[in-house]
Amino acid sequence: MALGPFPSEQVYDPQFEDLVATICRHPAMYVSPATFAGVCAYLCGFDAARSGGPLMGLHQWLVVRANDGNNLAWPGLAHRLLSADVIDADLPEDEWEIRALGRLLAEFFEFRRANGITKVFHDYARWLLRRSWYTGPLRRAGADNA
């Protein structure tokens with residue numbers, strides 16, 4: 001029987017998740033002009049005001065998913081990943097990117113809810129250890145470089 005994450009590993013903020021869904025469906029209600037960059041800035045500001053809790057682990061999850069971009073902020077990583085999302089490709093560029101961002105963030109929230117924040121950081125740590133350039137604290141003599 002598969003067990004879910006410990007309660008202390010779960011980061012669940014339904015109000016923020018609802019806000020993300022709404023802003024990605026109706027961005028002009030929150031930012032003007034309604035651009036991908038504007039929506040990302042709004043979400044970054046909201047996240048900062050809440051001490052980084054709502055988007056905790058997003059950067060790390062995106063790096064692992066993209067298998068690249070550790071030097072980018074999450075909006076840059078998301079922008080790279082969204083180029084493969086063609087569901088709303090018939091819409092204007094900013095509009096389809098914002099809708100695709102909503103789907104990407106919903107996927108992240110679901111992953112984090114189902115697996116816990118520890119899994120997000122575990123996957124990221126394993127990703128770092130596979131990089132020859134990484135010399136941080138996870139890299140020590142005898143460390144498991146899986």
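This report describes the fold, the nonpolar core, the largest pocket and selected residues of a predicted protein model.

**Basis of the values**

Residues are numbered from 1 along each chain as its sequence is written. The model is predicted, with local features requiring pLDDT of at least 70, side-chain atom pairs counting only at pLDDT 80 or more, and totals for chains, interfaces and linings using all residues, while side-chain values rest on heavy atoms, with hydrogens and water left out.

**Fold and confidence**

The protein chain contains six helices and zero strands, and the order from the N terminus is α-α-α-α-α-α. Helices (H or I, at least four residues) and strands (E, at least two) are DSSP runs, numbered from the N terminus. The average pLDDT, the predictor's confidence in each residue on a scale from 0 to 100, is 87 for the chain, and 82% of the residues score at least 70. By element, the mean is highest in α3 (residues 58–66), at 97, and lowest in α5, at 92.

Of the 146 residues in the chain, 40% are buried. Buried denotes under 20% relative accessible area, exposed over 50%, and partly exposed the range in between (1.4 Å probe, protein chains only). Contacts are defined by heavy atoms within 4.5 Å. Among contacts between residues at least 6 apart in sequence, 56% join residues at least 24 apart.

**Nonpolar core**

A nonpolar core is a set of buried Ala, Val, Leu, Ile, Met, Phe, Trp, Tyr and Cys residues joined through side-chain atoms within 4.5 Å. The largest such core has 34 residues, of which L43, L58, L62, W74 and L101 touch the most other members. Two or more residues each are supplied by α1, α2 (36–49), α3, α4 (74–82), α5 and α6 (117–129). The greatest contribution, eight residues, is that of α5. In soluble globular proteins, nonpolar side chains tend to be buried together.

Residues up to four places away in sequence being excluded, L43 touches F16, V20, I23, L55, W74, L101 and L105. L105 belongs to helix α5 and is buried, with a relative accessible area of 1%. Beyond its neighbours within four places in sequence, L105 is in contact with V20, L43 and L58. The C-alpha atoms of L105 and A21 are 8.6 Å apart in space, although the two residues are 84 apart in sequence. In α3, the buried residues are L58, H59, Q60, W61, L62 and V63.

**Largest pocket**

On a 1 Å grid over the protein atoms alone, a pocket is an open set of points where a 1.4 Å probe fits, with protein on both sides within 12 Å along at least five of seven lines; lining residues have an atom within 4 Å of a point. Grid points are joined across faces, edges and corners, and a volume is the space filled by probe spheres set on the points. The volume of the largest pocket is about 150 Å³. Its lining consists of E17, V20, A21, C24, R25, R99, G102, R103, A106, F109, E110 and R113. The elements giving two or more residues to this lining are α1 (14–25) and α5 (93–115), and α5 provides the largest share, seven residues.

By class, the lining comprises five nonpolar, one polar and six charged residues. Here Ala, Val, Leu, Ile, Met, Phe, Trp, Tyr, Cys and Pro count as nonpolar, Asp, Glu, Lys and Arg as charged, and the others, Gly among them, as polar. One of the lining residues is E17, which is placed in helix α1. E17 is buried at a relative accessible area of 14% and, apart from neighbours within four places in sequence, contacts Y12, F109 and R113.

**Helix α4 and the loops**

R80 lies in helix α4 and is partly exposed, with a relative accessible area of 44%. Residues up to four places away in sequence aside, R80 touches D68, G69 and L72. R80 and L62 are 18 residues apart in sequence and 9.8 Å apart in space, C-alpha to C-alpha.

Two residues other than glycine with positive phi are compared below.

| Residue | Loop | Phi | Relative accessibility |
|---|---|---|---|
| S51 | between α2 and α3 | near 60° | 72%, exposed |
| N67 | between α3 and α4 | about 55° | 47%, partly exposed |

A further loop feature is the cis peptide bond from S32 to P33, with omega near 0°. P33 is located in the loop between α1 and α2.
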